[in-house]
Amino acid sequence: MKLNRIAIPAAVLAGICLAVAQYFVWVYAPVEATMGQVQKIFYTHLPLAWWALLSFFGVFVASVAYLVTRREQWDLLAGTFAEIGVLFSGLALLTGSVWGRAAWNTWWTWDPRLSTTLVTWFVYTAYLVLRSAEIGGAGQRKIRAVVGIVAFLDVPLVFLSARMWRSIHPAVFASKGGGLEPEMWTTVLVSVAAWGVFFAALAMVRFAGLLQQERVNGLLAARRSFE
Amino acid sequence: MRKALCIASKDLRQVFLGGSGPVQAVLLGLLLVFIFSLSAAPGERIPAQGAAAIFWLASSFSLVLIFNTLFHMEEENEVATALLLAPVSPQGVWLGKAIGGMVLLLLTQLFFLPAIIVFLGVEPPDDLLFGGLLVLGVDVGLTVLGSLLGAVSRGSEARDSLLSIIVFPLQIPLLLAGIKVGAALLSAEPVQGYMDWFGIIGAFDAVFLGAAMILFPFVFGSE
C-alpha cells in the first residue's frame, strides 16, 4: 500500500526530529531561573496540547466530510484523529499535572486550559467507546460522525465557561514575547514541529492499519456470506 | 410544531399511562441528594454552591433516564419503523422528544428543589424570576442535547451508561453556569453580577439547537 510506504520513512523522520528537539530542550535552551529543570516539561506539554486540539479539529472535519460524501475512509480518518487526540491530550494532562505540582504545589487545579483539556479528553474517550460499541446497525458511521461534530462544537463553550469559573494558568503567549528568552522560543518552535512530524507519522501508520482492518473485515464478511 | 406536540403528547401519555411515569428518575435524583447530605456533619449546612451542584447532578442523571425511556419506547414496542414512516420530519420527531423530555425533566426538578432545601439545609431562592429563567435556560440546553444524542445509544445493551458518558462531558458549560448562578440564587446574592453566565447558557442553547436541527436526521432513521 502507498500509505505504508510513506508511513515508515515518516516514522523514522519523526524519531530523528524528536531526537533533535531533545537536543534543543536539554542543551540549547537555557535553564529557567525560578523553576529550574522542571520547566523543560513545557517543551513537551505545549506541543502535545496543541497537536491534540488539532487532532480533535481533524475529527470534526473528517466527520463533516463523511456526512457529505459517505466515503468510509473519512470515518476511519476521524477514528484515527480521535485516538491520537486522546493519547496526546492524556499525555498533556499528565505532563501538566507534573508541572502543576512543581509550579503551584498541587497535582490538579481548576484552570480553563487544564479543565478544557480534561473535558475534551472525556468527550473523545466517550467517542472512542461509542466507536467500539457497535451500535446503530448500518448507520453507525453516521452516528459517530454526528458525535464527532457535536464534540468539537462544545470545545469553545467549555473553554469560555471554564475561564469564567477561574484561572491561574500562565498566559505564555498573551504578551509580546510572552516572557520567554529567544532560545526558549526557538526550542518551543522546534518541539512543536518535531511533535508535528511525529503526529503525522502516527496518523499515517494508524490510518493505514485501520484501512487494512476494514479490508480484512470486508473479506471475512464476504466469505461468511458465501458459505 | 403541531406534529412535534403530537409526538410529545403521545410519549407523555405512554410514560404516565405505563404506570411508573418518571418515578425512576425522581427516585434516583432524590437518592443522590440524600446521599450527598451525608457529606455534612449533623446540624451543619451544605454550602450553596454544593447544593446547586447536586441539584444539577440529579437533573443530569434524570435526563439520561428520561431520554433513554423516550427513545426506548418505540424500540420496546417494535414500532420504531412506524415512527420513521409517520408523516413527520425527523426534526419534528426530535422536537417532539425534546418537548416531552423537557416536561419530564421540569417535573423531576419540582421534587429536587424541595429536597435540596430539606436535606441540604439551603434557603429557598427569593428571586423566582431569575430562578425560573435559569432552570428553563439550562433545561433547554440539556433536553436539546438529550434529544439529539438519546437516539445514539438505541440498540445498545449498555445504553444508560453509554448515554451518560457521552452527554455528561458535553453539558459541562451548562452545568458550570447552572451551578454558579444557582449558588448565587440559593445564597440570596444579586444575580445581576452573573449575567455573563446567561450568555453562556444562551450560546449553548443556540449552538446545539442549530446543530440538532441539522444533525438529527443522520442519527434517527439510520437503521
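Reader: What pLDDT does chain A average, and which element of chain A has the lowest mean?

Author: This is a predicted model, and chain A averages a pLDDT of 86, with 91% of the residues scoring at least 70. Among the elements of chain A, helix α1 (residues 2–28) has the lowest mean pLDDT, 87, and α2(A) the highest, 94.

Reader: How many residues has helix α2 of chain A, and what does the chain do just after α2(A)?

Author: An α-helix has 3.6 residues a turn, so residues three or four places apart point the same way. Helix α2 of chain A (residues 42–69) has 28 residues; from its first C-alpha to its last it reaches 40 Å, close to the 40 Å expected at 1.5 Å a residue. Just after α2(A), A:R70 adopts a positive phi of about 60°.

Reader: At what angle do helices α3 and α5 of chain B pack?

Author: Two packed helices are described by the angle between their axes and the distance between the axes. In chain B, helix α3 (residues 48–76) and helix α5 (residues 90–120) pack at about 150°, with axes 9 Å apart. Angles over 145 degrees count as roughly antiparallel, and α3(B) and α5(B) are therefore roughly antiparallel to each other. The residues of their contact comprise 17 nonpolar, six polar and two charged. The crossing of α3(B) past α5(B) is right-handed.

Reader: How many salt bridges does the structure hold, and which side chain meets A:R141?

Author: Side chains of opposite charge can pair when their charged atoms come close. Over all chains, the structure holds nine salt bridges. In one of them, A:R141 meets A:D75 at 2.7 Å, N to O. This pair links distant parts of the chain, 66 residues apart: A:R141 lies in helix α5 (residues 140–165) of chain A and A:D75 in helix α3 (residues 72–104) of chain A.

Technical notes:
Residues numbered from 1 in each chain as written. Chains lettered and ligands numbered in written order. Predicted model: local features only at pLDDT ≥ 70, side-chain atom pairs only at ≥ 80, totals over all residues. Heavy atoms only, no water. Helix = DSSP H or I, 4+ residues; strand = E, 2+ residues; numbered from the N terminus. Expected span 1.5 Å × (residues − 1). Axes fitted to C-alpha atoms, helices over the stretch in contact; angles between N-to-C directions. Parallel < 35°, antiparallel > 145°, perpendicular 65-115°, else oblique. Left-handed = near helix turned anticlockwise from the far one by under 90°. Nonpolar A, V, L, I, M, F, W, Y, C, P; charged D, E, K, R; others polar. pLDDT = per-residue confidence, 0-100. Salt bridge = Lys/Arg side-chain N within 4 Å of Asp/Glu carboxyl O.
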